[in-house]
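Biologist: I have a model open on my screen and would like to learn how to read it. Could you take me through it step by step?

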Amino acid sequence: MHKVLRATAEHQLFQVTAAPYVVLGTDLRICGVNPAYLAATGRTRDDLAGTLLFDAFPDNPEDPTATGVRNLAASLERVLRRGTPHEMGVQRYDIAEPGDPTTFHPKIWSPVNSPLTDADGRVVGALHHVEDITAAHDVLDPPSTGADAWNPARQPPAGCRPPASRAATPCTGPSCRRPS
């Protein structure tokens, strides 16, 4: 494992944050997971350490419309190739019941993938961050029944929130000024 990946996975902030994170090598092998990620996925560190991401979290074989693996793989490939973060927006990605790979639970996630680089700026892995937004999504957009229960065309685009670089820029325009 590259020393940058190890240092990231062992860093105190990585371990104590309430946000779920996983450290991935360039081969998409899981190099580190934090407790929040384990809680969000119902897995143990032993379940995931050293496993290829899509072996640990395959698409739901009972859902012919599943796009989780394809979309996440494309995002991670983009991050590893370009060396820039990628916000995926809202993504359905069912996960198997721990200990029962045949029973999947519907999950809605908000994933963000970021490159991890060495001192020379070379991409050596990726930091995968997910938020389980299933409950909020169900409240805001209750699932219908039948064939229309999940329609990807109804999902908001990836740009639902401003990019991190734009969010940190202070507003100086006329609409931001306070009246005198």
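Biologist: Let me start with strand pairing. In what sense do S1 and S8 pair, and over how many bridges?

Modeller: This is a predicted model, so keep that in mind as we go. To read a pairing, look at the direction of the two strands and at the bridges between them. S1 and S8 are antiparallel partners, with five bridges between them. For one rung of that ladder, find valine 23, whose bridge partner in S8 is leucine 127.

Biologist: Which other strand pairs with S8?

Modeller: Strand S7, residues 108–117, pairs with S8 in the antiparallel sense, over nine bridges. Look at leucine 127 again: in this pairing it is the bridge partner of serine 114. Leucine 127 thus has a partner in S7, serine 114, as well as valine 23 in the pairing of S1 with S8.

Biologist: And how many residues lie between S7 and S8 in their hairpin?

Modeller: Five residues lie between them. In that turn, glycine 121 has a positive phi of about 85 degrees.

Biologist: Is strand S8 largely enclosed or open?

Modeller: For a question like this, count the buried residues, meaning those under 20% relative accessible area. S8 spans residues 123–132, and seven of its 10 residues are buried, so the rest of the structure largely encloses this strand. As background, side chains in a regular strand alternate between the two faces of the sheet.

Biologist: Back to S1, then. Where do I find its hairpin partner?

Modeller: Go to S2: S1 and S2 form a hairpin, and four residues sit between them. S1 covers residues 21–25 and S2 covers residues 30–33; they run antiparallel and are joined by three bridges. Across this pairing, leucine 24 faces isoleucine 30 of S2.

Biologist: What should I look for in the loop between S1 and S2?

Modeller: Check the backbone angles as well as the side chains. Leucine 28 lies in that loop, and its phi is positive, about 65 degrees, although the residue is not a glycine. Leucine 28 has a relative accessible area of 15%, so it counts as buried.

Biologist: Now a polar residue. Why does glutamine 91 count as buried?

Modeller: Compare its accessibility with the cut-off of 20%. Glutamine 91 counts as buried because its relative accessibility is 7%. It is found in strand S4, residues 91–92. Its side chain makes a polar contact of 3.2 Å with the side chain of threonine 67. Beyond its neighbours within four places in sequence, glutamine 91 has contacts that include Gly68, Asn71, Lys107 and Trp109.

Biologist: How many cavities of 30 Å³ or more does the structure hold?

Modeller: There are two. The largest holds about 150 Å³ of space. Among its 13 lining residues, Tyr37, Tyr93, Trp109, His128 and Val130 are the closest to its centre.

Biologist: Which elements each supply at least two residues of that lining?

Modeller: Helix H3 (35–41), S7 and S8 each do so.

Biologist: Finally, what does the protein chain look like as a whole?

Modeller: Step back and use the totals. The protein chain has eight helices and eight strands, and 37% of its 180 residues are buried. Its accessible surface comes to about 10,600 Å², with 56% of that belonging to carbon and sulfur atoms. Of the contacts with a separation of 6 or more, 44% are between residues 24 or more positions apart.

Technical notes:
Residues are numbered from 1 along each chain as its sequence is written. This is a predicted model: local features need pLDDT of at least 70, side-chain atom pairs count only at pLDDT 80 or more; totals for chains, interfaces and linings use all residues. Side-chain values use heavy atoms; hydrogens and water are left out. Two strands pair if DSSP finds at least two bridges between them. Buried means under 20% relative accessible area, exposed over 50%, partly exposed in between (1.4 Å probe, protein chains only). Contact means heavy atoms within 4.5 Å. Accessible areas come from the Shrake-Rupley method with a 1.4 Å probe; for residues, only the protein chains shown count as cover. A polar contact is a pair of N or O atoms within 3.5 Å; within protein, one must be able to donate a hydrogen and the other to accept it, and residues adjacent in sequence count only if both atoms are side-chain atoms. On a 1 Å grid over the protein atoms alone, a cavity is a set of points where a 1.4 Å probe fits but cannot get out, and a pocket is an open set with protein on both sides within 12 Å along at least five of seven lines; lining residues have an atom within 4 Å of a point. Grid points are joined across faces, edges and corners, and a volume is the space filled by probe spheres set on the points.
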